[in-house]
Amino acid sequence: MQTVILVIHLLLALGLIAVILVQRSEGGGLGIGGNSGGGGGGGFGVMSSRGAANLLTRTTAILAGAFMITSIILALQSNTHTQSTSILDQAPAPAVTEPAEDTGPAAPTR
């Protein structure tokens, strides 16, 4: 489930990038048409510069909202899948070996 939401999240991010780059900026940018009538027809058509701007603004808002929702869902899912474990909890218990029998000092040999 988390993988599916992550893929949707990435597609939304790419969609946001594309929609934002298409929008007309104050400096011209990659926008749809300029003042010389390029980009879709007359002043009040469906895809006129005003209509395209409204459509792109709504599309940006919808994609941004969906992006935020998927971000929250992914954050909540990653929070529930974590287990706080210590390295010491995962390590096997050391084997207890009994020390060798002490027989006392060794006798000198000559």
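## Gln77, a buried polar residue

Let's start with Gln77, which is buried, having a relative accessible area of 18%. That value earns the label because buried means under 20% relative accessible area. Keep in mind as you look around that this is a predicted model.

Gln77 sits in helix 2. Setting aside residues up to four places away in sequence, Gln77 touches Met1, Gln2 and Ile5.

## Thr70 and its partners

Moving along, you will find Thr70, which also has its place in helix 2. The relative accessibility of Thr70 is 9%, so this residue counts as buried.

What does the side chain of Thr70 reach at 2.9 Å? Its partner there is the backbone oxygen of Phe67. Thr70 is also in contact with Ile5, Ile8, His9 and Leu12, once neighbours within four places in sequence are left aside. Ile5 is thus a name to remember, as it is in contact with Thr70 and is touched by Gln77 as well.

## The nonpolar core

Now for the largest nonpolar core, which is made of five residues: Leu12, Leu16, Val19, Leu56 and Leu63. Two or more residues of this core come from each of helix 1 (2-22) and helix 2 (49-80). Which helix gives the most? Helix 1 does, with three residues.

Leu16, one of the core residues, is a handy place to zoom in. Apart from neighbours within four places in sequence, Leu16 is in contact with Thr60, Leu63, Ala64 and Phe67. Among these, Leu63 belongs to the core too, while Phe67 is the residue whose backbone oxygen the Thr70 side chain reaches. Leu12, another core member, is in contact with Thr70.

Notes. Residues are numbered from 1 along each chain as its sequence is written. This is a predicted model: local features need pLDDT of at least 70, side-chain atom pairs count only at pLDDT 80 or more; totals for chains, interfaces and linings use all residues. Side-chain values use heavy atoms; hydrogens and water are left out. A nonpolar core is a set of buried Ala, Val, Leu, Ile, Met, Phe, Trp, Tyr and Cys residues joined through side-chain atoms within 4.5 Å. Buried means under 20% relative accessible area, exposed over 50%, partly exposed in between (1.4 Å probe, protein chains only). Helices (H or I, at least four residues) and strands (E, at least two) are DSSP runs, numbered from the N terminus. Contact means heavy atoms within 4.5 Å. A polar contact is a pair of N or O atoms within 3.5 Å; within protein, one must be able to donate a hydrogen and the other to accept it, and residues adjacent in sequence count only if both atoms are side-chain atoms.
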